[in-house]
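Good morning, and thank you for making time for this presentation. I would ask you to keep the sequence and the structure in view as I speak.

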Amino acid sequence: MKYNLEKDLTPVDVVGVVPLVFVVNPSVPVKNMKEFIAYAKANPGKLTFASSGAGAPQRLAMEMFRYQLGLDLLPVPYKGSGPAMTDLVGGQVLTMSETVPAALQFIQAGQLRPLAVTTAKRISQLPDVPTATEATGLPNFDVVSMFGILAPAGTPKPIIDKLSSDIKTILQRPDVQERMLAAGVYVNHLSPADSATRIHRELAMWGKVVKDANIKPD
């Protein structure tokens, strides 16, 4: 990137997050995450996972997961989630970490089996699916696709505060929350200061994952 996210922009508001879910093709002989981990360790390098792009949250979530658990999974790169999901449903690849909105219809149709969501708490769209922390014991596993609003650096604080206050008011409207949830986005308002803290934490977390997994740009 030709700009510095933290130096050239000022956070106004994190408005919402999109959870991810670990899914497998039903041909994989596992029913839950513990069985998946055992199966992966018994078959190193044989379980393929679809990657929708080097820097995509889907890819990075899987890299974090397999690195922390010491799993040898084989990444298969795709140009986007659409082709990746097509091959996952068809059985050409076996597993993936995908956003809930993209995977939900296939889960509901029985074409994909969910093993865990990546959020800190269970989500309303998949209430029976455990979190990654519940399913694996990994502490503080909280991975989401995050949406927010930022302004140019140097924007006066009263303007930032006014924007954030108005956005918070809008996000509290039930119709807005319903529309966002229909698109798979859970409202998650954060103040400018808390948004800056969250962005800084995300950059540090993903920087470590990229370094540990030696991920290169496509």
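Let me begin with a definition: two strands are said to pair if DSSP finds at least two bridges between them. With that in mind, Leu9 stands opposite Pro152 in strand 6. I should add at once that what you see is a predicted model.

I turn to strand 1. Strand 1 covers residues 9–24, and 14 of its 16 residues are buried, so that the strand is mostly covered. Residues count as buried here when their relative accessible area is under 20%.

Which strands pair with strand 1? Strand 6 is one of them, joined to strand 1 in the antiparallel sense over 9 bridges. Strand 4, made of residues 95–99, is also antiparallel to strand 1, with 5 bridges between the two. Within that pairing, Val21 has Glu98 of strand 4 as its bridge partner. Strand 5 runs antiparallel to strand 1 as well, and 4 bridges join the two. Here Phe22 has Ala116 as its bridge partner, while Val23 is matched with Pro114. Finally, strand 7, residues 186–190, pairs with strand 1 in the antiparallel sense over 3 bridges. In that pairing the partner of Val14 is Leu190.

As a general remark, the side chains of a regular strand alternate between the two faces of the sheet.

Strand 5 deserves a further word. Strand 5 spans residues 113–117, and because 4 of its 5 residues are buried, it is largely enclosed by the rest of the structure.

In strand 6, which spans residues 144–152, I would point to Ser145. Is Ser145 buried or exposed? Its relative accessibility is 18%, and Ser145 therefore counts as buried. Apart from residues up to four places away in sequence, Ser145 touches Gly16, Val17, Val18, Leu20 and Pro57.

Let me move on to the helices, starting with a pair that pack together. Two packed helices are described by the angle between their axes and the distance between the axes. For helix 2 and helix 8, the angle is about 70° and the axes are 10 Å apart. Angles of 65 to 115 degrees count as roughly perpendicular, and helix 2 and helix 8 are therefore roughly perpendicular to each other. Their crossing is left-handed. On the side of helix 2, the residues that meet helix 8 are Leu60, Ala61, Glu63, Met64 and Tyr67. On the side of helix 8, they are Met205, Trp206, Val209, Val210, Asp212 and Ala213.

The next topic is charged side chains. How many salt bridges does the structure hold? There are 8 salt bridges in the structure, and I shall describe some of them.

In helix 2, Arg66 and Glu63 form a salt bridge, with their closest N and O atoms 2.8 Å apart. Helix 2 comprises residues 57–69, and because Arg66 and Glu63 are 3 residues apart in it, about one helical turn separates them. Both Arg66 and Glu63 are buried. Arg59 joins Glu63 and Arg66 in a network of salt bridges.

In helix 8, residues 192–213, Arg198 and Glu202 are 4 residues apart, so about one helical turn lies between them. Their side chains meet in a salt bridge, at 3.1 Å from N to O. Arg198 is buried at 11% relative accessibility, and Glu202 is buried at 9%.

In helix 6, residues 157–171, Lys162 and Asp166 are likewise 4 residues apart, about one turn of the helix. The closest N and O atoms of their salt bridge are 3.3 Å apart. Asp166, with 33% relative accessibility, counts as partly exposed.

I close with two further residues. Ala40 is in helix 1, residues 33–42, and is buried at a relative accessible area of 2%. Beyond its neighbours within four places in sequence, Ala40 is in contact with Leu47, Leu71 and Leu73. Ala40 and Arg66 are 26 residues apart along the chain, and their C-alpha atoms are separated by 9.7 Å.

Pro158, in contrast, lies in helix 6 and counts as exposed, at 62% relative accessibility. Between the C-alpha atoms of Pro158 and Gln68 there are 43 Å, with their positions 90 residues apart along the chain.

Thank you for your attention.

Technical notes: Residues are numbered from 1 along each chain as its sequence is written. This is a predicted model: local features need pLDDT of at least 70, side-chain atom pairs count only at pLDDT 80 or more; totals for chains, interfaces and linings use all residues. Side-chain values use heavy atoms; hydrogens and water are left out. Buried means under 20% relative accessible area, exposed over 50%, partly exposed in between (1.4 Å probe, protein chains only). A salt bridge is a side-chain nitrogen of Lys or Arg within 4 Å of a carboxyl oxygen of Asp or Glu. Axes are lines fitted to C-alpha atoms, for helices over the stretch in contact, and angles run from 0 to 180 degrees between N-to-C directions. Angles under 35 degrees count as roughly parallel, over 145 as roughly antiparallel, 65 to 115 as roughly perpendicular and the rest as oblique. A crossing is left-handed if the near helix is turned anticlockwise from the far one by less than a right angle, and right-handed if clockwise. Contact means heavy atoms within 4.5 Å.
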